[in-house]
Structures are given as structure tokens and as C-alpha cells.
Amino acid sequence: MTSIDQTLPHGTRDAVVTPSPAYGFRSFPPAIQILVGVCVAALIAAIVLDPVRGFGNVLLWGNYFVGLGLAGMFFVAIHDLSGAGWATVFRRVPLAFTALLPLGAALILVAFVLGGDSMYPWMAGEHLQGFKALWLSTPFAQARAVVYIALWLLFARVFRRSNAISVDGVRRDARIGAMFVVVFGLTVWLSSVDWIMSLEPFWYSTMFGVYRFAGLFAAGLSAITIAVVVLRKRGAFGEAINEYHLHDLGTLLFAFCTFWMYIWFSQYMLIWYSNISEEATWFVPRTARGWGEVMALLLLVHWIIPFGVMLSARAKTNERVLIRIAGMVLFAHWLDLFIQIFGSLSPDVPPIGWWELAAMFSAVVIAVALVAARLSSEPLMPDKHPLFSESVHHHG
């Protein structure tokens, strides 16, 4: 019988068994570390001086980090559940983004518990009626937040500890994936209502949970694509990642940018067409002067440019193009969350300034450090996985 060593491309085996050098926050130059500290201090100052704006940025980045972690698990869960093998070789890359879940969860709890009175009218005493008054009661809402986060962290731990080295292990991972997909769908939907949509408690949209999913998974695919391409360029995968892997990642990114646009347009078109005041109140300030330009920029960088560029099959295998488009979509996801959150907190003018830039810089550096540290803590490729050889030899 041919061993797996003999079936791997030249140079792949060394990459499998050799862990990457240790990375983390300390691997950044001292100037970057100091600047991150200054930016974090600036965000704390924003919380003290302008609680709405400060806690709004904390809520934004909490949702951003949690979304990337959930997207990584969802990618692996769907891969396992469908019995696909093509992504096995970089399976640990999406799972590395679960390193962002604890930080994201902590930020959300800080914003939701400590800053709730500053951002949520129903926490500040605004009267609600019927089921909405029960659902948006502060103790119940905060308890739900703890439950969502506990479930996500539990699944992150289970995914990390899964070690499919046999066919039975693959089947077990598929069962775990099936359970996670159900929990993921319910918790993403409900948390998006609790943490974002309820910033305007009298507005509602039955499509908002799907819209949130479309955005976070497109961002997650972008982050996974960037990580895979960067690691491939540095030789971390040996010759195990080929152009077909890149093409499939590019195709998924193209598809979910288009899916996001489909959901965005469907929600906007139905609300515009019906012209019901309690529904239109969400879009009216976000399409007015000031916010209108931000919304136009969102559509440009989240769909128009990615769609136009990624139509080409060649673009989907071009590493430089993939990194640029994926980076654009990651920025677009921040812009999307900014519109969702600050369009409610500051409907008159988009509050984009030094505090937002400080939060963005520190968040990006810390996120890169956490994911890199997780990736360097174990061998990059699961070479004992039964589908590993199939993944290495993946072709279109």
C-alpha cells in the first residue's frame, strides 16, 4: 500500500511536521506595540468622554471579532457536514479565527452590560409593549447574551479538540457540524436582533438575521483567504495548496459577496416599496446626506468592485488580486457594521474620526496577533486526517 508520505507533493511533508515559529503580539515592533497601547487608551478615553461613541466602537468590534470566529467554525462545519475534502489541508486556518471569540465576547458584554443605558433606549427606560417588552427586558436580554456566548465558546473548544484520524472521527465531526449549524443559525439571528436591531427598538426586519449572516460569512471567507494566501506565499504549506484551492476560495468569496448584495437589496426594496413609516425609519437617515455617501461606498466596496473583478476565473487564482479583494471586503464589513450601529446612535452625521481610527488600528493588530499565535501553536496541516491526501491532490 502506498503511504501518505509517497503521495504528497515534494516539500509538503516538511511543512506538515514542522511547526511555525511562535508569533503573537510581542512579535510586532516595539513602536507598533506602543501605538496599540495608545489607541486602546484613546478608546477608553472615548468611553469616558463620549459613552455613546466609545461603547458603540466597542460593540462594533465585539461583533466583528465574534463574526470572524463564528464564520471560521461555520466554514469547517459545512465542510465536514457535506463530506467535502478539498479544504482539509488548511482546515486549521479557519479554526484559528476562534481565537478571536473570547475577546469579541468580552467586548460585547462590556458594551451590552456597562454601556447598555447609553445605547439602547429600552435599557434607558423607554416603554415597550407586548412581547417586545418581555423580550427586551434587561435581565432577560443579558442572560441570553451569556447563553449565546457560552454556546459559541463551547463549540469552539469542541472543534479545536476534534482530531479526525479515522473514518469514525470524520463521521463524529460531521455530527458536531450538524449540531453547530443549527445553533449557529439560531444564535446569529437572535443575537443580531438583541445587539444591533434593538438599537432602534421600534424598527424591525425579518431579514435582518440573514443579512447579518451574509455579512459575517463574507468577511470570514475574506479573512480565511488572506491567511491561506499569506501562509502559502511564505511556504508554510509546502506545495500542498494549489491554484484549485485558491480558485474555490475565490469562488466562495465571489458568491457570498453577491449573496450579501441580494439580501441587502431585498431588504431595501421591500421596505422602500411598502413605504411603511415604522420600517422606513431605518433607511431614511442612512440614505440622507452624509450617511448616503457612506452607504454608496459600502455598496461599491462590498459588491460592485468585488463582483466586477472576481468574474474572471484568472482573478480567482491570482494571489495579489485575492488579497486585495478580500481586504476590501473586510473593510466593507467594518463599514457595514458602522452603518448598522452608528446609523442608530448618530443618525445626523457619521462619527468617523480619530477614535474610530484608533479602534480600527488596535483591533487589526490584536486580531492578527491572536490568530497568528493560534496558528503557530500546532502543526499547520492535519496530515493524519483521512481526507488529507485527497485535499492535497485537489483539482477542478
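These are my notebook entries on one predicted model, going from the whole chain down to single residues.

**Overall build**

I began with the secondary structure. The protein has 18 helices and zero strands. I then looked up the radius of gyration, which is 21 Å; the globule rule also gives 21 Å for 396 residues, so the protein is as compact as a globular protein of that length. Along the principal axes, the C-alpha atoms fill a box of roughly 70 × 50 × 40 Å.

How much of the protein counts as buried? I find 52% of the 396 residues in that class. The accessible surface comes to about 17600 Å². Carbon and sulfur atoms hold 67% of that surface.

I also checked how far along the sequence the contacts reach. Taking contacts with a separation of 6 or more, I note that 81% join residues 24 or more positions apart.

**Charges**

I counted 25 positive and 23 negative charges in the protein. Their mean positions lie 7 Å apart.

How many salt bridges are there? The count comes to seven. I went through some of them in turn.

**R144 and D194**

The side chains of R144 and D194 form a salt bridge, with N to O at 2.9 Å. I placed R144 in helix α9 (residues 138-161) and D194 in helix α10 (residues 167-195), so this pair ties together parts that are 50 residues apart in sequence. Are the two residues buried or exposed? Both R144 and D194 are buried.

**E200 and R286**

Next I looked at E200 and R286, whose side chains meet in a salt bridge of 3.1 Å, N to O. E200 sits in the loop between α10 and α11 (208-233), while R286 belongs to helix α14 (residues 283-286), so the pair ties together parts 86 residues apart in sequence. I note that both E200 and R286 are buried.

**E319 and K233**

E319 forms a salt bridge with K233, and their closest N and O atoms are 3.6 Å apart. Since E319 lies in helix α16 (residues 319-345) and K233 in helix α11, the pair ties together parts that are 86 residues apart in sequence. I checked the cover of each partner separately. E319 has 18% relative accessibility, and the limit for buried is under 20%, so E319 counts as buried. K233 has 56%, and exposed begins over 50%, so K233 counts as exposed. This salt bridge therefore joins a buried residue, E319, to an exposed one, K233.

**A linked set**

Which residues are linked with D80 in a network of salt bridges? I find R91 and D173 in that network.

**S191**

I returned to helix α10 for S191, which lies in it. S191 is buried, with a relative accessible area of 6%. Leaving out residues up to four places away in sequence, I list Y148, W152 and I196 as the residues that S191 touches.

**L249**

L249 lies in helix α12 (residues 243-274). Its relative accessible area is 0%, so I entered L249 as buried. What does L249 touch, residues up to four places away in sequence not counted? I noted F75, W86, F90, I224, T225 and V228. I also looked up the spacing between L249 and S222: the two are 27 residues apart in sequence, and their C-alpha atoms are 8.7 Å apart in space.

**N275**

N275 lies in the loop between α12 and α13 (277-280). I looked up its backbone and found a positive phi of about 55°, although N275 is not a glycine. Is N275 buried or exposed? With a relative accessible area of 61%, N275 is exposed.

**G290**

My last entry is G290, found in the loop between α14 and α15 (291-310). The relative accessible area of G290 is 26%; partly exposed lies between the 20% and 50% limits, so G290 is partly exposed. G290 and V349 are 59 residues apart in sequence, while the distance in space is 6.0 Å, C-alpha to C-alpha.

Definitions and conventions. Residues are numbered from 1 along each chain as its sequence is written. This is a predicted model: local features need pLDDT of at least 70, side-chain atom pairs count only at pLDDT 80 or more; totals for chains, interfaces and linings use all residues. Side-chain values use heavy atoms; hydrogens and water are left out. Helices (H or I, at least four residues) and strands (E, at least two) are DSSP runs, numbered from the N terminus. The radius of gyration is taken over C-alpha atoms; the globule rule is 2.2 Å times the number of residues to the power 0.38. Buried means under 20% relative accessible area, exposed over 50%, partly exposed in between (1.4 Å probe, protein chains only). Contact means heavy atoms within 4.5 Å. Accessible areas come from the Shrake-Rupley method with a 1.4 Å probe; for residues, only the protein chains shown count as cover. Lys and Arg count as positive and Asp and Glu as negative; His and the chain ends are not counted. The place of a charge is taken as NZ of Lys, CZ of Arg, CG of Asp or CD of Glu. A salt bridge is a side-chain nitrogen of Lys or Arg within 4 Å of a carboxyl oxygen of Asp or Glu.
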